[in-house]
Amino acid sequence: MVALGLSLIALVFAFYIWFKSKRSKQESEASVATLQGQLESLRKQMMELHTGTIGMGQRLQSVEGAMQQMNDRQQELTMQDPERRLYSRAAKMVELGADLDEVMSECELPKAEAELLISLRKGRS
């Protein structure tokens, strides 16, 4: 009878362990499924960020190209304006140390303008 009681207890204990292990396995599988869903969601988010980053990079390149074209065009227009060219040349001459008479004769500037340009350039130095 004691052997039967011990066998019964052993059987109940074995059933309990089997039930717990089966339940743990189901919980583990549920956890794995949840984690896989989260991983997939994170992958999708990363792809969206990657796509957005590529788009922003392309847009930035486009804007930089347009800005470079505008700078080139501005320089071109500056060089087309004869008066502007003379003033740029006069300013360069003053920076290189030309005196009032040189600036007036080389750039065909009136004395007052040449004096003003020289005083402005000296004020910056």
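Which residues make up the largest nonpolar core of this protein? Before I come to that, please keep in mind that what we have in front of us is a predicted model, in which the protein averages a pLDDT of 83 and 87% of the residues score at least 70. Among the elements, helix α2, residues 82–95, has the lowest mean pLDDT, at 78, while helix α3, residues 100–107, has the highest, at 88. Where pLDDT is low, the predicted coordinates should not be read in detail.

Let me start with the overall layout. The protein has four helices and zero strands, so that, reading from the N terminus, the elements run α-α-α-α. Of the 125 residues, 9% are buried, and the protein exposes about 10900 Å², of which carbon and sulfur atoms supply 61%.

Now to the opening question. The largest nonpolar core consists of 11 residues, namely A90, A91, M93, V94, A98, V103, C107, L109, A114, L117 and I118. Helices α2, α3 and α4, the last of these being residues 111–124, each supply at least two residues of this core, and the largest share, four residues, comes from α2. If we look at one member, C107, and leave aside its neighbours within four places in sequence, we find C107 in contact with L86, R89, A90 and M93.

R89 brings me to the salt bridges, of which the count comes to two. In one of them, the side chains of E106 and R89 meet at 3.0 Å, N to O. Because E106 lies in helix α3 and R89 in helix α2, this pair ties together parts that are 17 residues apart in sequence. Both residues count as partly exposed, E106 at 42% relative accessibility and R89 at 40%.

The other pair is E40 and R43, whose side chains meet in a salt bridge at 3.7 Å, N to O. Here both residues lie in helix α1, three residues apart, which is about one turn of the helix. E40 is partly exposed, with a relative accessible area of 37%, and R43 is partly exposed as well, with 48%.

Finally, let us turn to the surface. L8, L11 and V12 form a nonpolar patch there, with about 310 Å² of accessible area together. V12 has its place in helix α1, residues 2–80. Is V12 buried or exposed? With a relative accessible area of 52%, V12 is exposed, because exposed here means over 50%.

Note on methods. Residues are numbered from 1 along each chain as its sequence is written. This is a predicted model: local features need pLDDT of at least 70, side-chain atom pairs count only at pLDDT 80 or more; totals for chains, interfaces and linings use all residues. Side-chain values use heavy atoms; hydrogens and water are left out. pLDDT is the predictor's confidence in each residue, from 0 to 100. Buried means under 20% relative accessible area, exposed over 50%, partly exposed in between (1.4 Å probe, protein chains only). Accessible areas come from the Shrake-Rupley method with a 1.4 Å probe; for residues, only the protein chains shown count as cover. Patches are made of residues with over 30% relative accessible area and no salt bridge: like charges are joined within 9 Å, nonpolar side chains (Val, Leu, Ile, Met, Phe, Trp, Tyr) within 5 Å. A salt bridge is a side-chain nitrogen of Lys or Arg within 4 Å of a carboxyl oxygen of Asp or Glu. A nonpolar core is a set of buried Ala, Val, Leu, Ile, Met, Phe, Trp, Tyr and Cys residues joined through side-chain atoms within 4.5 Å. Contact means heavy atoms within 4.5 Å.
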